[in-house]
Amino acid sequence: MINRRTLMTTSLATLTLLGAGCSAPGRTGGEDPGSMLLADGYEPDSLNPLLGYARTGAAKFYDGLMAFDGNGTLLPALAAEPPRSTPDAKSWTVRLRRDVTFHDGTPFDADDVVATYRAAIDPAYASTISSDYAMLAGVTAIDAHTVRFDLNMSYAPWPAKMVLGIVPGEKLADPAPLTDSELNTQPVGTGPYRLVEWRQGEQMIWEGNPDHWGGAPDIDTITVVFATDDNTRAQRVKAGEFDGTVLPPLLSERLGVDGYRTVHHRTADHRSITLPSRHPITGDPAIRTALNHAANREGMIRGLLGGHGKPAHTPIPESMGHYHEPTARFDFDPERARRILDEAGWRPASDGIRHRDGRRARFTLMYFADDSLRKQLARAFASDAANVGVEVHLAGVDRTAAAERIGTDAIVLGDGNPLDPDLQMYSTLHSSAIGTGTYNNPARYRNAEVDAALDGGRQAIDEAERARFYKRAQQAYVADPGLVYLAFTDHSYVMRTDVWSGYEPVVEPHTHGTTWGPWWNVEDWTPKR
Amino acid sequence: MNTAAKTAAGSPSRAAAAGRLVLRRLGFAVPVLVIVAFGVFLLAAASPFDPIHQYYGVQIFDASAQDVAAVRARLGLDDPVLVQFWNWFSGVLSGDLGISRSMRQPVAQVVAERLPWTILLATTGLVVAVLIAVVLGTAAAWRQGGWIDRFVTAIGYALEGVPPFVLALLSIAVFSLGLGWLPVAGLTDAGSAISIGQVLEHLALPALVLGVSQSPWLVLHLRQSLLSSLSEDHVVGARARGLGEGIVVLRHALPTALLPFVNLIGTRIPELVTGAVLVEEVFSWPGVAAAVVTAATAVDYPLLAILALVATAAVLLGSLLADVAAILLDPRVAADG
């Protein structure tokens with residue numbers, strides 16, 4: 001087909017006398033079921049798992065020892081069977097698959113696992129995920145295909161940490177910072193796809209790994225194009241250029257026609273407001289509970305997320321099934337909020353803002369200035385708070401400034417990982433996390449009952465027993481809240497419907513990029529034709 | 001200077017003068033480059049950005065203070081700026097450009113991958129600008145006060161006030177979204193391999209925008225110097241001898257007018273560099289521009305310093321080439337020093 005663009009190119013090429021440079025017609029999505037073209041608004045800095053690439057699994061280039069099945073269960077991947085632990089959950093032994101090779105042809109064995117996990121915790125490598133593995137004391141190869149992890153505490157959720165992508169041991173031979181590791185741009189793993197080319201700022205091409213232990217993927221080539229602007233991506237999807245992309249909920253909704261569908265995935269990705277304990281206003285229990293009843297969560301979800309989110313009362317979403325405690329919630333009830341404040345002695349002044357002992361009910365709420373959703377949520381929360389007589393002063397900040405003020409000023413947080421309730425609750429709510437890191441329990445929340453339940457959840461191996469601990473933690477938390485959890489945001493995507501089958505909805509973590517989304521299991525998709 | 005060059009240059013003494021100029025300028029360039037690099041280090045150290053946030057990305061939200069401190073120490077982020085400068089500088093002297101923390105690659109690799117695309121864009125843009133200037137400048141001066149002259153002058157002054165990124169966005173709206181002639185952005189179509197046709201198609205719009213945005217100064221300047229040379233004695237004499245208008249303008253007036261023009265091109269190089277950075281950003285051109293922004297917010301000293309040095313070297317080289325051309329072309333110009 002000759003269009004004006006091709007014509008233009010041809011004449012240009014002739015003009016510049018570069019002769020044969022006639023353009024090949026631009027490839028559009030959906031023509032060949034063996035290849036897929038995705039657009040992504042986020043480009044990773046690095047493809048090294050030890051620098052945080054795909055730390056919640058679905059790494060494409062890499063396999064973890066375990067993998068998430070999309071519905072809250074972990075299945076063995078490079079592990080031959082689920083890991084066995086000692087009764088105190090302090091030592092975990094895992095047998096490895098024997099039929100696995102890396103993309104470069106070298107065989108996978110226990111040494112690679114040991115090298116990867118050691119690099120994660122050895123400060124010499126300056127890995128950015130070391131804090132995730134703070135409980136890991138040591139890792140030993142028992143034989144070529146068996147590895148033992150020794151922990152410095154009882155840690156029942158350990159298998160959820162075993163999604164870390166395994167890299168070849170020889171790439172980690174030099175204990176130097178990973179800043180210029182080859183793996184950052186040329187990943188070598190055992191995963192279902194290998195990287196063919198990464199033109200930074202532009203696109204990345206993946207090719208199916210024919211020797212993958214799970215079978216060669218049917219979709220042999222996947223191209224991921226990076227286009228940061230949401231509207232640009234939407235337009236290009238509309239023109240049929242892409243087989244799918246990630247978009248804000250409202251924008252994606254309009255594109256689910258003509259061979260495309262819109263999917264909204266539930267997540268554990270919450271947005272919440274911290275209430276610093278040491279601040280005279282936000283540290284007051286009456287203010288904390290009142291604000292939780294004053295926040296119109298449904299209204300925010302309807303107004304700001306187009307209805308694509310779930311109200312959050314605690315860090316555990318309904319989508320985490322048996323770990324969720326349905327009674328742990330705050331009804332939207334401004335009247336009740338006012339009553340609580342009245343009873344605690346907070347009296348409204350002439351301008352409607354409450355005072356007690358000469359102190360005005362006013363605090364500062366920070367949000368990251370470059371994140372428009374957090375800004376909108378902060379505004380909505382401030383107006384709900386004003387409605388019950390609490391003044392919230394908003395401040396858009398950058399990350400450096402936020403880190404300096406996080407102990408004394410409130411901030412809009414966002415995070416979430418559905419792999420285990422421990423990951424979702426411990427570091428934000430357990431008192432032992434106070435002071436261990438900027439974003440670890442930044443509000444300095446402290447409640448003995450919550451602490452005890454969270455500790456119990458770490459030590460119990462039995463699933464039902466663990467669920468009881470986490471439900472208890474949620475109940476204790478709502479009796480004495482330290483944050484205002486607002487919503488779990490859905491992640492929205494547009495995808496082509498008529499070419500492939502194999503899509504399965506998934507509960508997502510707080511993550512960016514096309515490793516998750518509808519394509520979390522793209523290696524198992526098959527052509528329809 | 002060898003004998004062949006002497007013969008070629010025609011006048012041995014002028015070629016030798018130009019050669020001495022080149023050597024002297026190169027000598028000056030070394031301290032200038034060192035000072036620029038040091039300045040970049042000082043500025044980056046004074047910036048409010050904390051590089052640890054860029055290094056960690058979202059992992060910072062789960063990182064413990066202890067681990068972050070260990071990483072800081074391991075990466076040397078808290079070393080005094082003088083120490084960082086010395087580490088970098090001694091590395092550069094031994095041929096090691098260092099490691100770019102923000103791009104997670106050796107600096108040499110970042111530059112090797114991206115600089116060629118920037119050079120391609122900047123040279124094409126410069127060629128476009130010069131072509132526009134020679135054609136329109138000559139046409140305008142030829143019939144001073146005619147409609148071409150008035151049109152070109154008016155547009156020229158107007159364009160001087162329009163920043164390149166505005167021009168870029170406008171041209172995307174017209175040529176890509178409106179008319180659909182040229183692609184919006186990138187180096188190739190999505191999913192296509194790099195080929196001459198693809199790159200040309202994607203180069204056309206950014207190079208045109210860069211060229212047009214740089215051209216007003218050149219056009220107006222060439223018009224002006226052509227006007228004054230049209231009134232010089234040798235041109236008046238040529239007209240008096242009854243030579244055709246075409247020959248008078250193109251063969252007698254233009255060559256004298258081109259000399260200061262060549263000089264102007266040299267001094268426009270800094271603008272070209274800035275323009276290229278803005279244009280690259282708008283068109284997602286995979287050159288060094290994106291790297292400049294990332295490196296700056298990440299306080300990535302080695303990459304930032306090298307990019308500043310590349311820009312400085314381009315400017316120095318531009319003015320040097322212009323001066324050498326002037327010396328070789330015009331016997332009246334004295335080599336400096």
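Two residues are in contact here if their C-beta atoms, placed from the backbone, lie within 7 Å. Keep that cut-off in mind during the tour, and remember throughout that the model in your viewer is a predicted one.

**First stop: helix 12 of chain A**

Select residues 448–459 of chain A, which form helix 12; its 12 residues reach 17 Å from the first C-alpha to the last, close to the 16 Å expected at 1.5 Å a residue. Now show the side chains of A:Val450, A:Ala453, A:Leu454, A:Gly457 and A:Arg458, which are the buried residues of this helix. If you turn the view until you look down the axis of helix 12 of chain A, these buried residues fall within an arc of 140 degrees, so they line one face of the helix. An α-helix has 3.6 residues a turn, so residues three or four places apart point the same way. To see what this face meets, add helix 11 (421–429) and helix 13 (463–479) of chain A, against which the buried residues of helix 12 pack.

**Second stop: the loop before helix 12**

Stay in chain A and select A:Asn441, which lies in the loop between helix 11 and helix 12. Its phi is near 40 degrees, a positive value in a residue other than glycine. Most residues other than glycine have a negative phi. Is A:Asn441 buried or exposed? A residue counts as buried if 20 or more other C-beta atoms lie within 10 Å of its own, and A:Asn441, with 23 of them, is therefore buried.

Next select A:Arg444, whose place is also in the loop between helix 11 and helix 12 of chain A. A:Arg444 has a positive phi of about 55 degrees although it is not a glycine, and with 19 other C-beta atoms within 10 Å it is partly exposed.

**Third stop: A:Leu96**

Move to A:Leu96, in the loop between strand 5 (91–95) and helix 2 (110–121) of chain A. With 23 C-beta neighbours inside 10 Å, A:Leu96 counts as buried. Leaving aside residues up to four places away in sequence, A:Leu96 touches several residues, among them A:Leu78, A:Ala79, A:Val113, A:His145 and A:Val147. For a sense of distance, select A:Met320 as well: A:Leu96 and A:Met320 are 224 residues apart in sequence, and their C-alpha atoms are 29 Å apart in space.

**Fourth stop: chain A as a whole**

Zoom out until the whole of chain A is visible, with its 13 helices and 24 strands. Along its principal axes the C-alpha trace of chain A spans about 80 × 65 × 40 Å. A compact globule of 529 residues would have a radius of gyration near 24 Å, and the 25 Å of chain A agrees with this. Of the 529 residues of chain A, 51% count as buried. Among contacts in chain A between residues at least 6 apart in sequence, 71% join residues at least 24 apart.

You can then colour chain A by its domain assignment, which gives domain 1 (4–19 + 44–191), domain 2 (193–262) and domain 3 (270–489). The centres of domain 2 and domain 3 of chain A, taken over C-alpha atoms, are separated by 35 Å.

**Fifth stop: where chain A meets chain B**

Show both chains together and select the residues in contact between them, 50 from chain A and 45 from chain B. On the chain A side, helix 1 (4–15), strand 10 (221–226) and helix 10 (399–405) each supply at least two residues. Which element of chain A gives the largest share of this side? That share, six residues, comes from helix 1 of chain A. By class, the side of chain A that touches chain B has 16 nonpolar, 23 polar and 11 charged residues.

**Last stop: inside chain B**

Hide chain A and colour the two domains of chain B, domain 1 (10–102 + 306–337) and domain 2 (115–297). Their centres, taken over C-alpha atoms, are separated by 28 Å, and 17 residues of domain 1 are in contact with 16 residues of domain 2. Helix 14 of chain B gives the most to the domain 1 side of this contact, with 12 residues. The residues on that side divide into 11 nonpolar, five polar and one charged.

Finally, select helix 13 of chain B, residues 288–297, where B:Val288, B:Ala289, B:Ala291, B:Thr294 and B:Ala295 are buried. What covers these buried residues includes strand 1 (99–100), helix 6 (107–142), helix 12 (269–282) and helix 14 (301–329) of chain B. Helix 13 of chain B is followed by B:Val299, whose phi is positive, near 45 degrees.

Methods
Residues numbered from 1 in each chain as written. Chains lettered and ligands numbered in written order. Predicted model: local features only at pLDDT ≥ 70, side-chain atom pairs only at ≥ 80, totals over all residues. Helix = DSSP H or I, 4+ residues; strand = E, 2+ residues; numbered from the N terminus. Nonpolar A, V, L, I, M, F, W, Y, C, P; charged D, E, K, R; others polar. Rg over C-alpha atoms; globule rule 2.2 N^0.38 Å. Buried ≥ 20, exposed ≤ 12 C-beta atoms within 10 Å, placed from the backbone. Domains from an automatic or database assignment. Expected span 1.5 Å × (residues − 1). Arc of directions from axis to C-beta.
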